[in-house]
Amino acid sequence: MPSLLAIESSPRGDYSISRQLTSKFIEDWKAQHAGGNVVVRDLQKTNLPFVDLPWIAGAYTPAEQHSPEMKQALAASNELIPELMAADHIVLGTSMYNFSIPAILKAYIDHIVRIGVTFTSSYEGLVKGKKLTIILASGGVYTPGSPTEGYNVAISYLKQVFGFIGITDVTVVLAGGTAAVDMGKAKLPELIGQFEPAVAEAARA
Ligand SMILES: Cc1cc2nc3c(=O)[nH]c(=O)nc-3n(C[C@H](O)[C@H](O)[C@H](O)COP(=O)(O)O)c2cc1C
């Protein structure tokens, strides 16, 4: 039975473009994968601590020697990694914040990139055979090949870090230009509609 993990990160609830497109992806994916299992990981509802000293010490200590402090620090990581490993396809909905990703998503990444678990000490990724679709909502437009492309650090970073843990089959949907809706210069349904074909295509994979 195919499995989809949908990671949501925007704090904007129903106003969020990335959430609306990720929901559309889930519907399209379900239609294409009858009986498939969908898990939603909403980072806004996941109380993620930042990596701290017990987390780092625990990551470099065999599990059977973990102190109670290390166990507690690694609890989120120990929940999130099996969830990721169980998925065949991951759809990641995110906003662009300051040309990169929101801190909440970076906190998630810091929990799932873990030596001996998702990559080896010789830097081989251990999360293999998965597809990743990234849906990035941004106020501005960062079309590949245009002069603004280089400002989009979010996609280059996400491709690099997911590739590092072994996820290299990546599809990107750039949902740029959302500021026009906020400024009343464009209508939300039209903007969303612009990106729906790319979302549908990604969900078919
Ligand atoms: C704190 C913050 C930083 C932002 N930084 C950028 C940015 O660097 N570039 C950009 O194009 N849009 C930026 N935006 C606009 C968001 O990317 C845009 O509103 C997007 O639609 C948010 O995603 P969401 O609709 O899924 O919540 C920023 C918005 C916020 C709140």
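A polar contact, a term used at several stops of this tour, is a pair of N or O atoms within 3.5 Å; within protein, one atom must be able to donate a hydrogen and the other to accept it, and residues adjacent in sequence count only if both atoms are side-chain atoms. The model on your screen is predicted, and local features are taken at pLDDT of at least 70, side-chain atom pairs only at pLDDT 80 or more, while totals for chains, interfaces and linings use all residues. Residues are numbered from 1 along each chain as its sequence is written, and side-chain values use heavy atoms, with hydrogens and water left out.

**Stop one: Ser10.** Select Ser10, which sits in the loop between β1 (3–8) and α1; helices (H or I, at least four residues) and strands (E, at least two) are DSSP runs, numbered from the N terminus. Is Ser10 buried or exposed? Ser10 counts as buried because its relative accessible area is 3%, where buried means under 20%, exposed over 50% and partly exposed in between, with a 1.4 Å probe and protein chains only. Now add Ser16 and Arg12 to the selection: the side chains of Ser10 and Ser16 are joined by a polar contact of 3.3 Å, and the side chain of Ser10 also reaches the backbone nitrogen of Arg12 at 3.0 Å.

**Stop two: the ligand.** Select the ligand and the residues near it, meaning those with a heavy atom within 4 Å. There are 16 residues around the ligand, and the closest are Ser10, Arg12, Ser16, Ser18 and Tyr142. By class, this shell holds six nonpolar, nine polar and one charged residues; Ala, Val, Leu, Ile, Met, Phe, Trp, Tyr, Cys and Pro count as nonpolar, Asp, Glu, Lys and Arg as charged, and the others, Gly among them, as polar. Look next at single atoms: a polar side-chain atom of Arg12 lies 2.6 Å from an oxygen atom of the ligand, a polar side-chain atom of Ser18 lies 2.5 Å from an oxygen atom of the ligand, and a polar backbone atom of Asn98 is 2.8 Å from a nitrogen atom of the ligand. The protein covers 75% of the 630 Å² of accessible area that the ligand has on its own, an area that comes from the Shrake-Rupley method with a 1.4 Å probe. The elements that give two or more residues to the shell are α1 (17–32) and β4.

**Stop three: the parallel strands.** Show the backbone as a cartoon and select β1 and strand β2 (residues 37–42), which run parallel and are joined by six bridges; two strands pair if DSSP finds at least two bridges between them. Ile7 has Arg41 in β2 as its bridge partner. Then select strand β4 (residues 131–138) and strand β5 (residues 169–176), also parallel, with eight bridges between them, and find Ile134, whose bridge partner in β5 is Val172.

**Stop four: two loop residues.** Most residues other than glycine have a negative phi. Select Phe99, which is not a glycine and yet has a positive phi of about 70 degrees; Phe99 lies in the loop between β3 (89–95) and α4 (103–112) and is partly exposed, with a relative accessible area of 40%. Finish at Tyr123, in the loop between α4 and β4, where phi is again positive, near 60 degrees. Tyr123 counts as exposed because its relative accessibility is 60%.
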